[in-house]
Amino acid sequence: MFVALVVMSAVGCRPPLHLLTLQVGRALNVDRTIAVHTTRFKPDNTIYASVLTDRTGASTILARWSYAGHVVTETQKQVSYKGQAATEFHFESAGGFPQGDYKVEIFIDGQPVASRDFRVDP
């Protein structure tokens, strides 16, 4: 039991993750980085965001997706990594996205760290 407590407390003591970059695109590589980078999408595309972090840590990462200045959805993931890593988020619409301007904002532990604007065209 003591060993389990030590292991659990060590995981909880990891520093927060640090953002290296935010990628946006149409497809993912197997390592969860973006395979096809773009900021222009079609209404039936799945839109991917990959949050690349560059050091060991544990944090809550939130992706906030907006259309025409209004929040559409948010997705949150609790992650813990040793070294560099990529955390994937995606945004899709069964009926297709309306044409217009969109944004994805990334928060690490509640703090805004990156955003990317993108567009959906017919």
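Strand β2 (residues 40-41) pairs with β8 in the parallel sense over two bridges, and R40 stands opposite R119 in β8. The model is a predicted one, in which local features need pLDDT of at least 70, side-chain atom pairs count only at pLDDT 80 or more, and totals for chains, interfaces and linings use all residues. Residues are numbered from 1 along each chain as its sequence is written, and side-chain values use heavy atoms, with hydrogens and water left out.

Strands here are DSSP runs of E with at least two residues, numbered from the N terminus, and two strands pair if DSSP finds at least two bridges between them. The pairings of β8 are set out below.

| Partner of β8 | Sense | Bridges | Opposed residues |
|---|---|---|---|
| β2 | parallel | two | R40 and R119 |
| β7 | antiparallel | nine | I106 and A114 |

β7 and β8 form a hairpin with two residues between them, and D109 in the turn has a positive phi of about 50°.

The largest nonpolar core (buried Ala, Val, Leu, Ile, Met, Phe, Trp, Tyr and Cys residues joined through side-chain atoms within 4.5 Å) has 24 residues, and those with the most contacts inside it are I47, I61, W65, V104 and F118. The largest share of this core, four residues, comes from β7. Leaving aside neighbours within four places in sequence, I47 is in contact (heavy atoms within 4.5 Å) with residues including W65, F89 and F118.

T87 lies in strand β6 and counts as buried (under 20% relative accessible area, 1.4 Å probe, protein chains only) because its relative accessibility is 2%.

Key: Buried means under 20% relative accessible area, exposed over 50%, partly exposed in between (1.4 Å probe, protein chains only).
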